[in-house]
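Welcome, and thanks for opening the viewer. Let's take a short walk together, one selection at a time.

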Amino acid sequence: MSDVPALLPVEEARARILERCAPLPTEWVPGDDALGRALAEDVLARRTLPPWDNSAMDGYAVRTADLSSPLPVRLTVGETVFAGKLPTRELTPGTCARIMTGAPLPPGADAVVMRERTRPLAPDSVEVLEAVAPGNFIRPRGEDAREGDVLLGRGTPLGIPELGLLWAQGMTSVPVPRRPRVAVLSTGDELCRADEPPDGRIVDTNAPALALAVRRAGGLPTLLGIARDTREAVQEALARTDGFDVVLTSAGVSVGDHDFVKDALGALGVEQHFWRVAIKPGKPLVVGQRGPTLFFGLPGNPTSSLVTFELFVRPALRRLLGIQDVEPPRVSGRLDGRLSKPPGLAHFVRVTVSWRAGELWAKPLGTQTSGVLRSASAATHLLHFPREISSLTDGSHVELLPLSWVA
Ligand code: AMP
Ligand code: MG
């Protein structure tokens, strides 16, 4: 057992991976393809938005000085300003303009009274029923962006509102790190493709599942097929991974007689960063690097490969896409049930959750074996059962990680 290293805590394993992941080279892509990546450069506003003070309500643009006399105050309606039109006249004392949401404020107006607080008397006359303060229901010029200012800084993760801000500036392409190219290799004599007659074999589900997980995390997967359980076969398949940013293998990383992935990686000159993490499922994970390419030898059990993807690969892919904060998201909840285990490994327990009396309650799924996909199906979160703890009582406060693989 002397060649079996000590188990690395999950946080340290992730940190060791992430310190090797920097944003990939920049490409300019249409906004919708940039969703989920981070900006590779500061983007300056070219336009001040909104370009003018405008109304936040359908109502009347007024001079608040006119509203100081006892209510209601009768005003003369000079014009109606619609969104998309510019006002044509300045408000003089005793006058107002009917105005629609988004329409520019006429000069002289310093507030908007909502239509519900007015009573029309005639087409050109209205009674205002409330006094409002200056600025009421005005969306000020430049509230969204000021020309020349940094609109969004380098490293900003691009979600839907951020892309909206860029589109509003007329930006049709956006600088972001290119997507990571990810090779996915299955290993094992027992495996066949889904479209083959099994003849005593089992279908390789890891590769297509991992490819989907890669795509969902923003990467570009390429399937390399199935390598047989010999060092030569695995090595030959891995030798075809030049040009990939990340290589994922599954299975063959344990201490079995046919576990050749580590040997094959070593023979290819991949420098091993670590092997074996103090977690269940997923203990045999091996991670290494050759040149710019990061290699993850994921465990073979279908659930283990998905859990290790979630805990280690997905954060790495997101970091390559420029996102700085890639720690798996966490929410706090309570345990519905009891759990126990020996200390030593952190368990990531598949749970379903429900919202009851203001709290999130997590119920472990009946089967937690990692050998069957059934134990991942229906799970929406992983419950983190810490390494040093051996029992969690009913109602314990727990940390929950929302899963990215759910429908
Ligand atoms: P191993 O790490 O090679 O001992 O594999 C662990 C378990 O995962 C075995 O039961 C394998 O049959 C299973 N397994 C390995 N690779 C795959 C795969 N690509 N798809 C589904 N199951 C797999
Ligand atoms: Mg095997």
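Start with tryptophan 275, and bring up arginine 276 beside it: this arginine lies over the face of the tryptophan 275 ring, 5.7 Å from the ring centre. Keep in mind as you look around that this is a predicted model. Now add lysine 262 to your selection. Lysine 262 also lies over the face of tryptophan 275, and its distance from the ring centre is 3.9 Å. If you go hunting for aromatic pairs, you will find zero in the structure.

Next stop: ligand 1. Which pocket does ligand 1 take up? The space it occupies is the largest pocket. Select the residues around ligand 1 and you should have 14, with Glu190, Asp204, Thr205, Gly252 and Gly300 as the closest. Try colouring this shell by class: five residues are nonpolar, seven are polar and two are charged.

Now zoom in on the individual contacts. Pick aspartate 204 to see an N or O atom of its side chain 2.7 Å from a nitrogen atom of ligand 1. Then show the backbone of glycine 252, where an N or O atom lies 3.1 Å from an oxygen atom of the ligand. Glycine 300 also offers a backbone N or O atom, 3.2 Å from an oxygen atom of ligand 1. To finish, switch on the surface: ligand 1 taken alone exposes 490 Å², and the protein buries 75% of that.

Note on methods: Residues numbered from 1 in each chain as written. Chains lettered and ligands numbered in written order. Predicted model: local features only at pLDDT ≥ 70, side-chain atom pairs only at ≥ 80, totals over all residues. Heavy atoms only, no water. Phe/Tyr/Trp six-rings, centres within 6.5 Å; stacked < 30°, edge-to-face > 60°. Lys NZ or Arg CZ within 6 Å of the ring centre and 35° of its normal. Near = heavy atom within 4 Å. Polar contact = N/O pair within 3.5 Å; in protein donor to acceptor, adjacent residues only side chain to side chain. Areas by Shrake-Rupley, 256 points an atom, 1.4 Å probe, with all protein chains shown as cover. 1 Å grid on protein atoms, 1.4 Å probe; cavity = no way out; pocket = protein on both sides within 12 Å on 5 of 7 lines; lining within 4 Å. Sits in = over half its atoms within 2 Å of the grid points. Nonpolar A, V, L, I, M, F, W, Y, C, P; charged D, E, K, R; others polar.
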